[in-house]
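Trainee: Could you go through this one with me? I have some short questions.

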Amino acid sequence: MPHFVNFPFFSCLHRLKTLTFSTQQMGMASVADTLYSHLHKNNGSVENSLSKVKPKLDSRCVIEVLSRCYPKESQLGIRFFIWAGFQSGYRHSAYMYRKAYNLLGIDQNPRMICDVIESYEAEGCLVTANMFREVLNLCKEAQLADEALWVLRKMENFSLRADTVMYNVVIRLCCKKGDVEMAEKLMREMSLNDLCPDVITYMTMIEGFCNVGRSEDAYSLLKVMRVHGCLPSSVVLSAILDGLCRSGSMERALELLDEMEKGGDCSPNVVTYTSLIQSFCKRGQWTEALDILDRMKAFGCLANHVTVFTLIESLCAEGRVEEAFRLIDKFVVEHSVSYGDCYSSLVISLIRIKKPEEAERLFREMLAGEFKPDTLASSLLLKELCMKDKVLDGFYLLDAIENMGCLSSIDSDIYSILLIGLYQRRHLTEATNLAKIMLKKSVPLRPPYQQSVIDILRKSGEKDLVNKFTSVRKELQ
């Protein structure tokens, strides 16, 4: 039997879905309306009035209320936001703290946070540790170190004590501000208040010491951390090692490496070794840098492209290009790095020390040997050829790289520069082929080259290409 579609039924179903969606929207608006109205019914306190509503909160509802409070009632909005943060079934995300910070204009007037705490005090409100925790989280996302410290100190006025998490928030903000002395003071204060620093506290302080050049203090804190049963992670050890290297404490850095290699808390990784190699290279201590490379291999850790580039670039910068060449075989044989990655690093380094001819010769040898160059090496060399007005050489080189499938993420500006150069020098066949390659790869024309290419194509009678490039631009918008 044939089946007939019941159009009235489906029409009714569509209206029902639309009605449900509208009802949900109205429901959210209704909750926000109710909450906003209770902000002004402060019989006793704003928080007591809000608690009578017992709403089911979500982020959209919170944002709606905050939007209504700005700009004339921002302080009221902050009080609502603090209250909402610990209601049953809802917690603010990091995004919501940042949203509140911007939406209520706290970025323009951070003092509002202090004003809210003072309004609690003036009204004699019942203030809980949860409320202070929300304020500190708001300070954390807003990066307000001074205000966070003020808030922490203010807890005593409400007979409240901060916990380790709260101290950690303020210590981190002080360290990020560069006020490591205050962070140290707060850490000592924790012990006086019978609070034990945790891994996060130590990590924060170590990072803070390293950032201000106090790597020896960071190293000393590492020992204290272990005594108190907090095992440092590889992130902590890498931060200390990097700080020791930056401050020139290479002997201490090697001591730490010894500890890590002897089966300490964390084993060294490629980042650990590369950091040491980079530091020795900066000091011109090539023997020591190569010793670390051998030590790395002996420990069973293989170099990566960053290690390769670090050593090759440093040697080339000192004019030791032949040594850089010889080092490539070592990387390939002992560390399983590809010839393509090694030679690409050498091409980049040669360009940076103003030896473009050597770089181009090496690059062409790579292609002949079917060693794939990386995107950065390809981009830099092509730009160099364009700057020397060798656009035809650039096109043929790009075509050769394209045939090897190496240009997945090359800078689109290079295509445009080559295309303009080819048309201006009347290399029309090559220009047309390049335009087709660009269209095939959906390479867009971007300012400041976009209009120039379009004008040249129009003058050359290539209306079809103009239309196709215009379509690509619209698709990408």
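Mentor: What follows is a conversation about a predicted model.

Trainee: Let's begin with cysteines; how many disulfides does the structure hold?

Mentor: It holds zero disulfides.

Trainee: Take C316 then: why is there no bond to the closest cysteine sulfur?

Mentor: The closest cysteine sulfur to that of C316 belongs to C281, and it is 11 Å away, which is too far for a bond, because a pair counts as a disulfide only when the sulfur atoms are within 2.5 Å.

Trainee: And is C316 buried or exposed?

Mentor: C316 is buried, since its relative accessible area is 1%, and the cut-off for that label is under 20%. C386 is buried as well, with a relative accessible area of 16%.

Trainee: New topic: helix α11. What span should its residues give?

Mentor: Helix α11 covers residues 199-211, and its 13 residues should span 18 Å at 1.5 Å a residue. The C-alpha atoms at its two ends are 18 Å apart in the model, so the expected and computed values agree.

Trainee: Which residues of α11 are buried?

Mentor: The buried residues are T201, Y202, T204, M205, I206, G208, F209 and C210.

Trainee: What covers them?

Mentor: The cover over the buried residues of α11 includes α9 (164-177) and α10 (180-192), along with α12 (215-227) and α13 (234-246).

Trainee: How about the ends of that helix; what caps the N-terminal one?

Mentor: D198 caps the N-terminal end of α11, with a side-chain oxygen that lies 3.1 Å from the backbone nitrogen of I200. After the helix comes G213, and its phi is positive, near 85°.

Trainee: What volume does the largest pocket have?

Mentor: The volume of the largest pocket is about 210 Å³. The elements that each give two or more residues to its lining are α10, α11 and α12, and the largest share, four residues, comes from α10.

Trainee: Which lining residues lie nearest the centre of that pocket?

Mentor: Of the 14 residues that line the largest pocket, M187, R188, S191, P197 and L221 lie nearest its centre.

Trainee: Switching to backbone oddities, where is there a cis peptide bond?

Mentor: A cis peptide bond joins Y70 and P71, with omega at about 5°. P71 is in the loop between α3 (59-69) and α4 (74-84).

Trainee: Which residue in the loop between α8 and α9 should I look at?

Mentor: Look at S159, which sits in the loop between α8 (145-154) and α9; although S159 is not a glycine, it has a positive phi of about 55°. S159 is exposed, given its relative accessible area of 70%.

Trainee: And what is the phi of K354?

Mentor: K354 is not a glycine, yet its phi is positive, at about 65°. K354 lies in the loop between α19 (339-352) and α20, and at 70% relative accessibility it counts as exposed, because the cut-off for exposed is over 50%.

Trainee: Last one, E357: where is its place, and how does its accessibility count?

Mentor: E357 is in helix α20, residues 356-368, and its 48% relative accessibility makes it partly exposed. If you wish to relate E357 to R161, the two are 196 residues apart along the chain, and their C-alpha atoms are separated by 69 Å.

Notes
Residues are numbered from 1 along each chain as its sequence is written. This is a predicted model: local features need pLDDT of at least 70, side-chain atom pairs count only at pLDDT 80 or more; totals for chains, interfaces and linings use all residues. Side-chain values use heavy atoms; hydrogens and water are left out. Buried means under 20% relative accessible area, exposed over 50%, partly exposed in between (1.4 Å probe, protein chains only). The expected span of a helix is 1.5 Å times one less than its number of residues. Contact means heavy atoms within 4.5 Å. A polar contact is a pair of N or O atoms within 3.5 Å; within protein, one must be able to donate a hydrogen and the other to accept it, and residues adjacent in sequence count only if both atoms are side-chain atoms. On a 1 Å grid over the protein atoms alone, a cavity is a set of points where a 1.4 Å probe fits but cannot get out, and a pocket is an open set with protein on both sides within 12 Å along at least five of seven lines; lining residues have an atom within 4 Å of a point. Grid points are joined across faces, edges and corners, and a volume is the space filled by probe spheres set on the points.
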